[in-house]
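Me: Got a model here that I'd like to go through. Can you take my questions one at a time?

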Amino acid sequence: MTFNAAALLLLIAGLALIGWLAGRARSNLLAGRAGAKLHSRPQYHGWYVALWLFAPAALFLAVWSSVSPALITNQVLATEAAQSLPSFGFERGAILSDARAVAQGQQADVRLPAAAPLVKPYADASHKYAWIGIAAMLALALAGGLYAFTRIKPDFRARTRVEKIVMLVLLLASLVAILTTFGIVLSLLFESIRFFRLVSPAELLFGTEWAPTSGAPQPDTFGGIPLFWGTILIGAIIAMIVAIPIGMMTAVYLTQYAAPRVRQWVKPCLEILAGVPTVVYGYFAALTVAPALREFAVMLGIPNASTESALAAGIVMGVMIIPFVSSMADDSINAVPQAMRDGSLALGATPNETIRQVLIPAALPGVMGGILLAVSRAIGETMIVVMAAGLSANMTANPFASVTTVTAQIVKLLTGDQEFDSAKTLAAFALGLVLFIVTLLLNIVALRIVKRYREAYE
Amino acid sequence: MTQDDLTIADPKMKAHGVNVFYGEKQAINDVSIDVGTDLVTAFIGPSGCGKSTFLRSLNRMNDTVASAKVTGQIELDGEDIYAPSMDVVQLRARVGMVFQKPNPFPKSIYDNVGYGPRIHGLAPNKADLDVIVERALVRAGLWDEVKDRLAESGTALSGGQQQRLCIARAIAVDPEVILMDEPCSALDPIATAKIEELIHELRGKYAIVIVTHNMQQAARVSQRTAFFHLGTLVEYGKTTDIFTNPKQERTKDYITGRYG
């Protein structure tokens with residue numbers, strides 16, 4: 001006998017169905033006998049019973065499935081057979097999980113001889129806790145069901161209560177994403193605080209030397225400015241120089257000039273482009289664009305031309321962002337009322353003048369919001385810069401030189417064998433926190449602008 | 001179709017046998033009308049009768065609708081406006097338009113009025129533009145209300161002021177004809193009265209064509225009235241005749257409120 005959560009969930013779902021039928025039948029019966037009018041239609045009474053039966057039991061099931069393995073292990077560890085286990089480390093865990101797998105029927109026989117004596121205690125403990133769990137769950141289900149069942153009366157407001165519960169479920173669902181984000185922020189924050197105990201925030205934010213080389217003779221330095229500069233150079237300058245004009249022109253063409261048939265084809269193509277995995281862009285940047293740019297730079301006689309250049313990463317990132325900018329601009333231009341366009345054309349303005357002097361200025365706030373969102377995506381982008389921009393923290397405005405970005409450094413700091421308490425590893429979290437705060441602010445500003453713009457046109 | 005008593009010696013615009021199609025659907029069927037130079041001409045008729053569609057074919061605004069097709073002849077000062085040699089940009093500078101809903105650009109009041117003169121190069125320098133903007137706003141009866149806040153956004157004005165701003169915007173290009181597509185339908189009675197007063201004042205300076213739902217308005221502001229029904233021109237004549245002594249049964253039914 002093991003504890004199978006899926007089967008038990010089905011069981012209480014079945015019970016809930018019976019509860020639903022019973023609740024409905026009882027409300028019908030009561031209404032018939034008393035000759036009274038029901039406040040709520042019978043199925044709401046059914047739902048009320050079913051929810052009271054299902055929800056507490058399911059909640060218990062969820063808690064119990066996460067708690068019971070620990071309870072089982074504790075009981076096993078308390079037995080005599082467990083006293084001979086190694087007291088610490090990997091081996092102990094391996095033996096325990098081996099014994100558990102056999103006890104629960106997932107494998108036929110033990111792989112580690114030391115696990116054999118633990119199989120029986122494991123089986124016993126599993127058995128015991130499974131029964132406790134099932135009994136408690138059923139008790140809860142029945143208690144909930146009975147409580148709800150006894151409350152059914154003709155004037156009982158089952159509908160309002162069921163609707164309240166439904167609203168609660170919807171609320172919980174919408175909180176999942178928010179709470180997860182909150183959790184992510186907290187975990188980032190705690191690791192960052194550990195980092196800032198070792199290195200001052202001022203050094204990270206304003207230091208100009210980035211050299212987290214643990215084990216080197218000179219002490220590690222964590223000055224973030226070269227990384228921030230590299231991120232801005234690639235994500236906010238080069239990528240935007242590529243993406244803004246091309247994205248805007250794409251949007252103008254698609255909204256104003258393209259025949260419906262062309263638009264019908266080009267728009268989905270652009271949207272597909274937005275779905276290409278960034279690693280594919282990274283290959284393209286590293287294998288095709290970067291070498292070509294280096295040759296071009298050498299031809300021009302530019303010093304420090306590297307195969308890992310800011311320009312290669314920035315251009316490819318800009319291309320990646322084009323669909324993003326063009327679709328935001330497309331939406332904003334389309335949101336400008338047709339009346340505005342007609343008004344300009346009726347004054348004898350050419351389509352070109354209308355676009356440049358009326359449509360784009362009117363759409364500008366929306367476009368700006370879109371561009372800020374695009375910037376926040378570009379500076380958080382990782383794969384392209386890891387593959388094409390390089391890892392040397394240079395402070396240079398030469399786009400043909402190799403620079404590095406915050407995201408590329410995070411990857412570098414966290415890959416390979418690292419202890420999780422060195423300043424080097426913790427720096428990754430602090431950088432992540434900085435990145436998170438910056439993109440969050442950008443998004444807030446962008447969404448505000450977009451929202452205010454939407455209000456302007458109702 | 002009775003046109004016998006029409007004495008328009010020198011029509012500004014002449015339409016002859018005009019049909020307008022939206023795809024397969026025919027919206028206007030064989031309409032012929034002359035628009036007098038010094039007159040206000042009103043188009044009336046129930047919703048969907050094609051009066052706005054016909055109005056929009058007078059300055060080729062129907063060109064912006066991909067499926068629209070216009071056949072027949074429309075002339076401005078004897079020149080076929082659908083001829084290949086006609087430049088639609090110049091046509092619209094000569095035949096201005098005011099729309100149903102006020103549609104000022106999200107620019108300053110000054111720039112709204114200055115927009116047309118700027119794109120047509122009517123004002124070589126700022127001083128000239130100032131003169132044009134002031135004159136247009138004065139003519140539109142808006143100058144006294146906005147002269148101290150020309151830099152404010154045109155969209156911040158009230159609905160009636162916005163519509164007068166749109167009229168000023170159209171006047172600033174110095175057109176010969178002004179088309180008004182139900183210019184008061186989004187306005188309250190007081191703002192409507194101001195626009196009607198303005199139409200009176202503009203009469204004689206521009207040939208004015210106004211589409212309206214409101215028969216009293218047509219009677220008040222126009223000298224000629226055309227009654228459209230189901231895409232055809234039922235009756236066209238002096239406004240006084242149309243309202244006091246209609247020749248067609250359908251016109252009579254409409255103006256006495258039997259339908260529409």
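Me: Start with chain B. What is the bridge partner of B:Thr41 in β9(B)?
Reply: B:Thr41 has B:Arg224 as its bridge partner in β9(B). Keep in mind that this is a predicted model.

Me: Fine. Parallel or antiparallel, β3(B) with β9(B)?
Reply: Parallel, and four bridges hold the pairing of β3(B) with β9(B).

Me: And β3 with β8, how many bridges there?
Reply: Four bridges join β3 (residues 40-44) to β8 (residues 207-211) of chain B, and these strands run parallel. In β8(B), B:Val211 stands opposite B:Phe43.

Me: What's the strand order in the sheet?
Reply: It is an open sheet of six strands in chain B, ordered β6-β7-β8-β3-β9-β10, with mixed pairing. β6 and β10 (232-238) of chain B are the edge strands, each pairing on one side only. On average, neighbouring strands are turned by 15° against each other, with direction ignored.

Me: Where does the antiparallel part come in?
Reply: β9 (residues 224-229) of chain B pairs with β10(B) in the antiparallel sense, over six bridges. Two of the partnerships are B:Phe227 with B:Glu235 of β10(B), and B:Thr225 with B:Gly237 of β10(B).

Me: What sits between those two strands?
Reply: The hairpin of β9(B) and β10(B) has two residues between the strands, and B:Leu230 in this hairpin takes a positive phi near 50°.

Me: Is β9(B) buried or exposed?
Reply: Mostly covered: six of its six residues are buried. On one side of β9(B) the buried residues are B:Arg224, B:Ala226 and B:Phe228, and on the other B:Thr225, B:Phe227 and B:His229. In a regular strand, side chains alternate between the two faces of the sheet.

Me: How many residues of β10(B) are buried?
Reply: Five of seven, so β10(B) is also mostly covered by the cut-off of 20 or more other C-beta atoms within 10 Å. β10(B) is an edge strand of the sheet.

Me: And towards the other edge, which helix lies across β6 and β7?
Reply: α6(B) lies across β6 and β7 (177-181) of chain B, and runs at about 170° to β6(B).

Me: Back to phi. Which other residues have odd values?
Reply: Most residues other than glycine have a negative phi. B:Arg60 is not a glycine, yet its phi is positive, about 60°. B:Asp77 likewise has a positive phi, near 50°.

Me: Where are they?
Reply: B:Arg60 is in the loop between α1 (51-57) and β4 (68-76) of chain B. B:Asp77 is in the loop between β4 and β5 (79-80) of chain B.

Me: Why does B:Arg60 count as buried, and B:Asp77 as partly exposed?
Reply: B:Arg60 counts as buried because 20 other C-beta atoms lie within 10 Å, and 20 or more is the cut-off. B:Asp77 is partly exposed because it has 14 C-beta neighbours inside 10 Å.

Me: Now the chain contact. How many residues does each chain put in?
Reply: Chain B gives 21 residues and chain A gives 14. On the chain B side, α2 (88-94), β6 (95-98), α3 (109-119) and α6 (159-172) each supply at least two residues. α2(B) has the largest share, with four residues. By class, the chain B side has 11 nonpolar, seven polar and three charged residues.

Me: Over to chain A. How do α7 and α12 pack?
Reply: α7 (residues 225-257) and α12 (residues 351-380) of chain A pack at an angle of about 140°, with axes 9 Å apart. The crossing of α7(A) past α12(A) is right-handed. Residues in the contact include A:Gly235, A:Ala239 and A:Ala243 from α7(A), and A:Ile355, A:Ile371 and A:Ala374 from α12(A). The contact comprises 13 nonpolar, three polar and no charged residues.

Me: Which residues touch the most other members of the largest nonpolar core?
Reply: A:Ala285, A:Ala313, A:Val316, A:Ile384 and A:Ala388, in a core of 164 residues. Helix α10 (residues 310-335) of chain A gives the most to this core, 16 residues.

Me: What does A:Ala285 touch?
Reply: Leaving out residues up to four places away in sequence, A:Ala285 touches A:Ala290, A:Ala312, A:Ala313, A:Val316, A:Ile384, A:Met387 and A:Ala388. Another core, of 20 residues, lies apart from the largest one, and A:Tyr44, A:Trp47, A:Ala50 and A:Leu51 are among its members.

Conventions. Residues are numbered from 1 along each chain as its sequence is written. Chains are lettered from A and ligands numbered from 1 in the order in which they are written. This is a predicted model: local features need pLDDT of at least 70, side-chain atom pairs count only at pLDDT 80 or more; totals for chains, interfaces and linings use all residues. Axes are lines fitted to C-alpha atoms, for helices over the stretch in contact, and angles run from 0 to 180 degrees between N-to-C directions. A crossing is left-handed if the near helix is turned anticlockwise from the far one by less than a right angle, and right-handed if clockwise. Two residues are in contact if their C-beta atoms, placed from the backbone, lie within 7 Å. Ala, Val, Leu, Ile, Met, Phe, Trp, Tyr, Cys and Pro count as nonpolar, Asp, Glu, Lys and Arg as charged, and the others, Gly among them, as polar. Two strands pair if DSSP finds at least two bridges between them. A residue is buried if 20 or more other C-beta atoms lie within 10 Å of its own, exposed if 12 or fewer, and partly exposed in between; C-beta atoms are placed from the backbone. A nonpolar core is a set of buried Ala, Val, Leu, Ile, Met, Phe, Trp, Tyr and Cys residues joined through C-beta atoms within 7 Å.
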